[in-house]
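Please open the structure in your viewer and keep the sequence panel beside it. The stops below say what to select next and what is there.

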Amino acid sequence: MHKRLLDRLKAKEEKMIKIRRYLHEHPELSFKEENTSDYIADFYRDLDVSVERNIGPRGIKVTIDSGNPGKTLAIRADFDALPIQEETGLPYASKVEGVMHACGHDAHTAYMLVLAETLAELKDTFKGKVVVIHQPAEEVPPGGAKAMIQEGVLEDVDHVLGLHVMSTMKTGTIYYRPGYVQTGRAFFRLKIKGRAGHGSSPHMANDAIVASSIFVTSAQTIVSRRLSPFDAGVVTIGSFDGQGQFNIIQDTVSLEGDVRGLTDQTKEVIETEIRRIVKGIEVMFDVECELDYQDDYPALYNDPEFTQYVADTLQSADLDFDVALTEPQPPSEDFAYYAKERPSSFIYAGASPEDGHIYPHHHPKFNINERSLLIAAQAVGTVVIDYLNQ
């Protein structure tokens with residue numbers, strides 16, 4: 001059974017690449033993936049599967065039922081793109097101005113479609129069910145996962161398995177990590193209102209720029225002085241808008257910031273400290289502060305037992321790639337919502353380009369090694385078959 005799966009996937013490698021390149025040329029932004037959703041649904045039209053559409057914002061649930069009693073394993077792939085102007089120069093570069101698949105979601109969808117097709121062809125050889133989750137809007141909060149879960153996509157599901165291609169990881173290796181593996185995320189907007197005045201007479205004004213500057217530097221002490229040295233957290237001020245004239249003291253400054261924490265507890269500490277600093281700024285400078293703090297995705301926690309099972313299964317299988325432990329990853333991922341509902345595992349397929357020109361995710365020159373498509377399909381497919389036939 002295992003060999004049949006691998007052989008069929010290998011024979012369909014060019015099909016995966018063709019699908020990936022088509023999707024790469026036709027990217028759509030989060031919550032606007034109308035054509036992509038139609039494309040995915042059309043792919044399943046002649047397959048012996050159950051397709052449910054518009055679960056959450058254009059989400060699709062595909063059920064492959066073997067007809068034999070058993071467990072249910074969900075596998076997930078996202079399909080939204082980013083508001084980035086592509087600069088790769090690829091012959092299949094984005095045809096949509098200012099929109100690009102700069103995170104590999106086109107690859108996720110391509111390998112998942114072909115894997116699902118192959119599992120449907122072989123469903124009489126395993127037990128239970130496979131639920132394929134095609135999820136929109138991973139990139140923009142509140143994300144697509146949360147709504148799909150609320151509308152029942154995980155009903156009767158025992159475990160969830162996800163995979164992300166990584167341009168910064170070595171092609172030919174699947175990476176895993178039990179426990180916390182990706183940070184949770186929050187963002188905030190802060191408006192500090194002082195009193196304008198002449199640059200020559202600061203005592204008659206209330207300088208919002210000075211107050212805001214103190215906030216920026218104080219916020220950096222949260223990580224260095226309020227978190228344990230063994231906890232990972234980041235506070236980034238990405239926008240500081242206090243534009244004016246050189247000899248005029250500004251009365252209002254607006255800031256925006258990004259927060260990351262490898263555990264939900266770390267995120268809570270950072271939020272508490274930011275709110276405390278804001279109150280202190282108000283007292284210290286006699287300014288008025290308006291803080292809008294939005295908690296985004298939770299930290300992604302890989303169930304240790306299920307993740308070790310995934311790693312052991314891949315390591316013991318006769319596969320043409322390596323399996324290795326990875327360090328935690330700084331970006332956030334709304335797969336974390338599935339992991340809060342079911343014991344789950346999120347793994348990575350190395351996809352560094354062969355030419356050595358490696359750009360990180362969300363970069364206008366981002367690209368992947370398309371060998372990673374087959375590796376991803378074989379890895380996820382191997383776990384599916386082994387798990388359902390236990």
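What follows is a tour in several stops, with each term explained where it comes up.

This is a predicted model, in which local features need pLDDT of at least 70 and side-chain atom pairs count only at pLDDT 80 or more, while totals for chains, interfaces and linings use all residues. Residues are numbered from 1 along each chain as its sequence is written, and side-chain values use heavy atoms, with hydrogens and water left out.

**A histidine in helix H4**

Begin by selecting His108, which sits in helix H4, residues 105-121. Helices (H or I, at least four residues) and strands (E, at least two) are DSSP runs, numbered from the N terminus. Is His108 buried or exposed? With a relative accessible area of 1%, His108 is buried, where buried means under 20% relative accessible area, exposed over 50%, and partly exposed in between, using a 1.4 Å probe and protein chains only. If you show its surroundings and set aside neighbours within four places in sequence, you will find His108 in contact with Ala77, Asp78, Cys103, Leu163, His164 and Val165, contact meaning heavy atoms within 4.5 Å.

**The helices packed against H4**

Keep H4 displayed and add helix H1, residues 2-11, whose axis is 10 Å from that of H4, the two packing at an angle of about 135°. H1 is therefore oblique to H4. Axes here are lines fitted to C-alpha atoms, for helices over the stretch in contact, and angles run from 0 to 180 degrees between N-to-C directions. Angles under 35 degrees count as roughly parallel, over 145 as roughly antiparallel, 65 to 115 as roughly perpendicular, and the rest as oblique. To see the contact itself, select Leu5, Arg8 and Leu9 in H1, which meet Val114, Leu115, Thr118, Leu119 and Glu121 in H4. Sorted by class, this contact of H1 with H4 has five nonpolar, one polar and two charged residues, where Ala, Val, Leu, Ile, Met, Phe, Trp, Tyr, Cys and Pro count as nonpolar, Asp, Glu, Lys and Arg as charged, and the others, Gly among them, as polar.

Next, bring in helix H3, residues 34-43, whose axis comes within 11 Å of that of H4 and crosses it at roughly 20°. H3 is therefore roughly parallel to H4. On the H3 side the contact is made by Tyr39, Ile40 and Phe43, and on the H4 side by Thr109, Leu113, Val114 and Glu117. By class, the contact of H3 with H4 has five nonpolar, one polar and one charged residues.

**The nonpolar cores**

In soluble globular proteins, nonpolar side chains tend to be buried together. Which residues have the most contacts inside the largest nonpolar core? Select Ile75 and Leu115, which hold that place in a core of 68 residues. A nonpolar core is a set of buried Ala, Val, Leu, Ile, Met, Phe, Trp, Tyr and Cys residues joined through side-chain atoms within 4.5 Å. Helix H10, residues 371-388, gives the most to this core, with 12 residues. Around Ile75, not counting residues up to four places away in sequence, the residues touched include Met112, Leu115, Leu119, Val380 and Val384.

**Strand E13**

Move now to strand E13, residues 288-295, and select Asp295 within it. At 51% relative accessibility, Asp295 counts as exposed, and, leaving aside neighbours within four places in sequence, Asp295 is in contact with Arg185, Ala186 and Lys267. Leu291 also has its place in strand E13 and, at 23% relative accessibility, counts as partly exposed. Leu291 touches Phe188, Arg189, Leu190, Ile274, Arg275 and Val278, again not counting residues up to four places away in sequence. For a sense of distance from the earlier stops, draw a line from Leu291 to Thr118: the two are 173 residues apart in sequence and 51 Å apart in space, C-alpha to C-alpha.

**Backbone details in the loops**

Finish with the backbone, beginning at the peptide bond from Pro141 to Pro142, which is cis, with omega near 5°. Pro142 lies in the loop between strand E4 (129-135) and helix H5 (144-150). Then select Phe31, in the loop between helix H2 (13-25) and H3, where phi is positive at about 70° although Phe31 is not a glycine. Phe31 is partly exposed, with a relative accessible area of 31%. The last selection is Asp156, in the loop between H5 and strand E5 (159-166), a residue other than glycine whose phi is positive, near 70°. At 60% relative accessibility, Asp156 counts as exposed.
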